[in-house]
Amino acid sequence: MKLTSIKFCNFRSFYGQTPEIAIAGGEFQNTTIIHGNNGAGKTSLLNGFTWVLYEKFTAAFAVTEQLVNKRAISEVGEDQAVECWVEVGWEHEGVRYRAKRNCRVYKNPTTIDATKTKLTIQIVGDDGKWYFPIEQPEEIINNILPVSLHQYFFFDGERIEEIVRSDKKAEIAEATEIFLGVKVIDLATKHLKEAKKTLDSELAAIGDAETKQLLKHQSKLEREISKISQRQTEIAEDLESQQVFKKDISARLVELSSVRDLQERRESLENQKRKNYDELKKTKESLKKAISKQAYTLLLSETTVKFRDIIVTFKQRGQLKSGISREFVSELMKSGRCICGAELKEGGNGHFHVKSLLRKTGSSSVEETAIRMGAQIDDLEKQAQLFLEMINREQQRIYQLKTSLSDIEMNLDSIEEILRKDPNEDISGLQKRLDEIEARIDDLNREQGSNEKEISHLNTEIDLVVKQIAKQKQNEGRQILAQRRIIATQDAIDILTEVKNRQEKQFRLQLEKRVQEIFSEISVTPYIPKISEKYELTLVENTTGIEAAVAASTGENQILSLSFIASIIDKVREWSEKKKIMMVPDSSTFPIVMDSPFGSLDANSRRHIAQTIPKLANQLVVLVTKTQWREEVESEIMQRIGKEYVLTYYSSKPNCEEDFLQIGREKYYLTCQSPNGFEYSEIVEVERN
Amino acid sequence: MNRELEAQESKIQDVQAPITAASPEVKQIIEKVCRLEKSRLARKSKGAVNEDILAIIKEAVK
């Protein structure tokens, strides 16, 4: 952040709009000096920056509720508003920003009410025009220089030792952590751990891999099928051989001349039996088909009766008429001309007659539909009749076949009975053998049927398992992904922890070293600043060979504070170039705005600070009284001044003592008499030749 | 002096070395999460962060 300007309107001692104070931003001449006596508005100027950017004030800023210039308030009438604002300009990474915070006060008979303040930010676009960015103004500022760090850059020099006070240890430790990026790493690690927990529970929710179990079940079912199929093959073979036996025995019976006729008769009956069974099967199937296709026609009788009733009612009401259709008459009226050529004008005689025709005509489309549906109903009735006839025929056929089969079986039974009882043992033996074969074939057929059913059942079960496996495999994919995410998260946590460890070793020690260097440059004491592992800043001494904390004076603590700020600026600038990921703030340039510095310091320390600070800060704004701007300070900073201003205080006190600065041949008033009875300050730029 | 500077530079890079050496997925997670944490530090109302972090991880590891 490189400050470029600040401008006030009715803010504290500044009446109306002030001229813009340009802030020096040169490489070498990076210092802006603002002179002012007590009460002239130096602290207001410092707080102008913190109010706009953070809505914060320094401890020395009294009566924060009285922000608005008293003269401006006194000049407006009751219920009128006074506008008060401060505008700060800066550059950051090549972009120009302008932030303005304003508030209004309303003057009531007894009170002065202030509105809430409002912050707006504008930035310069590529086209050079100012526009309002979409991000929240506070967020923009905090990204550049976080509120928690602002006190290290905008401060009251007389109280700067407060940042290293023992009760502020935690605050400065946190600020250092933020500066070094440790805070970001800590937060990232903490939140990644939380995210990992969520990922763990997500993985658990996907469920244990049941695929193996399912696959096992699938192969078990497949084994069962293969076993049954094997048995089916055996049955088929057995059946075939039983048929061969049967044929063989039958052939032997034919060979026996005494029963040849019987045997031939039996074979013929068996042929008939087979044919009849085939026929019966076919007839039953065709009956099934006919029922599923046409049986509904028998259930429509009630509906067809209703339909005919409706048509009769329509006809009785005259709604179904043949002859001229309603559509035709409507068309004539629309065209305005009759078929005879006469004009059909609304209100005319012809029009009246043709219109009255409408009441007598029916719709041609209704009539057409009625005719078409009538034909369909007739057809349905015919179909129902045909269906009934067909059913009767097929059932009769079934009855015939069954009777015939029963006759055949009776005949076969009696033949078998004769053969069984034949006195010739060869014959009765062969018949018994045939009976056995028949019984065997019957058993095998039954087993075959039940096996087929079992196979079909197992196949259904396999289909189900296969589907479950597919689903499980999908889950497996999700599990693998979840595991990869968990591993990556853990890796990220481990790496960040490692980076934090390295940072701990490198950055903390480097920063500590830099603070020590700067402190020893400024201070005459042998004290050594230390930054603990918890990032706490302390001052120790080592004269006895044992490190011990120092009860430092205000002056020493001021030097320590300034050394800390200067080293932070120095180091963060160096690191942030290479370490963009974690560094907060997102910046490598920092301004220092300090009010009344050097207050409690001796001449030597003042000289050293005046030497050091402009060198280390990218930009320096110093607000000084005449006494603070003494020889050693002036001579050290002089070469670095880029801009210089005087705050002229107009006192309302009668006969107040005038005070001025002599710069070159010019006199710049620090205090003078108010010409209008109000106290206020003006900003005057110093021109040094 | 130059040597000292070089040594310092290598130390700074050394701090980041674990990130540089990480797999692209892990690197992406670290960079995005750190950026998120930085912007959260700048935000007034912080809100829940877990969903955002999970989204970063899930985006990086697909």
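Hi everyone, here's a quick walk through one strand and a few salt bridges in this structure.

It's a predicted model, where local features need pLDDT of at least 70, side-chain atom pairs count only at pLDDT 80 or more, and totals for chains, interfaces and linings use all residues. Residues are numbered from 1 along each chain as its sequence is written, chains are lettered from A and ligands numbered from 1 in the order in which they are written, and side-chain values use heavy atoms, leaving out hydrogens and water.

Let's start with strand β4 of chain A, residues 81–92 (strands are DSSP E runs of at least two residues, helices H or I runs of at least four, numbered from the N terminus). Is β4(A) enclosed or exposed? Well, 9 of its 12 residues are buried, so the rest of the structure largely encloses it. Buried means under 20% relative accessible area, exposed over 50%, partly exposed in between, with a 1.4 Å probe and protein chains only.

β4(A) runs antiparallel to β1(A), with 7 bridges, and antiparallel to β5(A), with 12; pairing takes at least two DSSP bridges. W90(A) sits opposite Y97(A) in β5(A).

Now, salt bridges: a Lys or Arg side-chain nitrogen within 4 Å of an Asp or Glu carboxyl oxygen. There are 34 over all chains. In one of them, D238(A) meets R440(A) at 2.5 Å, N to O. D238(A) is in helix α6(A) and R440(A) in α12(A), so the pair ties together parts 202 residues apart in sequence. D238(A) is buried at 18%, while R440(A) is partly exposed at 33%.

By contrast, E498(A) and R502(A), also a salt bridge, at 2.8 Å, both lie in α12(A), 4 residues apart, about one turn of the helix.
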